[in-house]
Amino acid sequence: MKYVVIVALLFCHAQSYSQGITRPKKGKAVVYFVRTMSLAFAIDFTYYDSTKVIGRFNSRNYIRYECEPGEHLFWASASNQDFITAELEAGKIYFVEAVPSAGVPYAQVFLHPIDPNDKRMEKLDNIINKFTPRTMTESELANETQTQAAVISKALEKYQEELSKGKKKFKRLEKTMFYGHG
C-alpha cells in the first residue's frame, strides 16, 4: 500500500509540471516539436531553425519553440537530416511530429507538419499534457549552435543542393495549419 501511495504522489507531481498547449507572447508564434514514439529512445534528435539549434531530446517528449512569425526552415538531425519549410503567423500555435525510424545502421528522424484537425493530433496532445517540455538555456543553445557549426553548414548546403536540383519536395507547415481553427 505504501508503494501505491508513493506512485500516486509521483504521478500527481509529474502531472503538475506538464504545461499543456500554451499561447505565444504577443507578436510571436509557437511551434511544438513532438516525438510520440519511443523507438530509438536512447538517440537524441537535435532540432534547428535554419542556422541555430532550438533543442535536443530523446524518447517521447516535446519542445515548445517560440519565435518570430514569417518564413522558417526547420529541420532535425539524427543519422540523417529532415527539413520542412514553414510560414508562421503571430499569435498562432503550430505542431510538428518528429518520427523516429530504425535506420541503417543508426536511427533516423522524419518531420511531419500536423494540421490540428488531423487524427494524429490526439497523440501529440497526450504527450504535451503528460510530459514537461525539454528546454535548454539560451547559453546552452548558443554553445550547441557553435559546437555544431560544421554540421549545420553541411546540412544547409545539402538542403540548398536538393532544393536547386529539384531532387526532393520538402514538406511545408502552412500558416493555415494553426491550433484553434474557427
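Let's start with one residue pair: Asp 49 stands opposite Phe 74, which sits in strand β5. Strands here are DSSP runs of E, at least two residues long, and helices are runs of H or I, at least four, numbered from the N terminus.

A quick word on the model. It is predicted, with local features needing pLDDT of at least 70 and side-chain atom pairs counting only at pLDDT 80 or more, while totals for chains, interfaces and linings use all residues. Residues are numbered from 1 along each chain as its sequence is written, and side-chain values use heavy atoms, leaving out hydrogens and water.

Back to β5. Strand β5 covers residues 70-77, and 6 of its 8 residues are buried, so the rest of the structure largely encloses it. Buried means under 20% relative accessible area, exposed means over 50%, and partly exposed lies in between, using a 1.4 Å probe and protein chains only.

What does β5 pair with? With strand β2 (residues 45-49), it pairs in the antiparallel sense over 4 bridges. With strand β6 (residues 81-88), β5 also pairs in the antiparallel sense, over 8 bridges. Two strands count as paired if DSSP finds at least two bridges between them. Trp 75 has Phe 83 in β6 as its bridge partner. β5 and β6 form a hairpin, with 3 residues between them.

Now the whole chain. Its secondary structure comes to 4 helices and 9 strands. From the N terminus, the elements run α-β-β-β-β-β-β-β-β-α-α-α-β. Of the 182 residues, 41% are buried. Take contacts between residues at least 6 apart in sequence: 69% join residues at least 24 apart. Contact means heavy atoms within 4.5 Å.

Next, a sheet. Four strands make an open sheet in the order β4-β1-β7-β8, with mixed pairing. β4 (61-67) and β8 (108-114) stand at the edges with a single partner strand each, so one side of each has no neighbour in the sheet. From one strand to the next, the twist averages 20 degrees. Inside the sheet, β1 and β7 pair in the parallel sense over 5 bridges. Helix α2 (residues 121-130) lies across β1, β4, β7 and β8, at about 95 degrees to β1. For such angles, axes are lines fitted to C-alpha atoms, for helices over the stretch in contact, and the angles run from 0 to 180 degrees between N-to-C directions.

On to the rings. The structure holds 12 aromatic pairs. Rings of Phe, Tyr and Trp (its six-membered ring) pair if their centres lie within 6.5 Å; planes under 30 degrees apart are stacked, over 60 edge-to-face, and the rest tilted. Tyr 32 and Phe 95 are a stacked pair, at 5.5 Å centre to centre and 20 degrees between the planes. This pair links distant parts of the chain: Tyr 32 is in β1 (residues 29-35) and Phe 95 in β7 (residues 93-101), 63 residues apart. Both residues are buried. Phe 95 also pairs edge-to-face with Tyr 179, at 5.7 Å centre to centre and 70 degrees between the planes. How do the two compare in exposure? Phe 95 is buried, with 0% relative accessible area, whereas Tyr 179 is partly exposed at 36%. The backbone ties in too: Phe 95 in β7 is the bridge partner of Tyr 32.

There are also charges over rings. Arg 35 lies over the face of Phe 45, 3.9 Å from the ring centre. Lys 92 lies over the face of Phe 178, at 4.4 Å from the ring centre. The test is NZ of Lys or CZ of Arg within 6 Å of the ring centre and within 35 degrees of the ring normal.

Elsewhere, Phe 33, Tyr 47, Phe 57, Tyr 65 and Phe 74 form one aromatic cluster. That brings us to the core. The largest nonpolar core has 23 residues, and those with the most contacts inside it include Phe 33, Tyr 47 and Phe 74. Such a core is a set of buried Ala, Val, Leu, Ile, Met, Phe, Trp, Tyr and Cys residues joined through side-chain atoms within 4.5 Å. β1, β2, β3 (52-57), β4, β5, β6, β7 and β8 each supply at least two of its residues. Another core lies apart from it, with 12 residues, among them Met 136, Leu 141, Leu 156 and Tyr 159.

Last stop, the loops. Ser 50 has a phi near 55 degrees, positive in a residue other than glycine. Ser 50 sits in the loop between β2 and β3.
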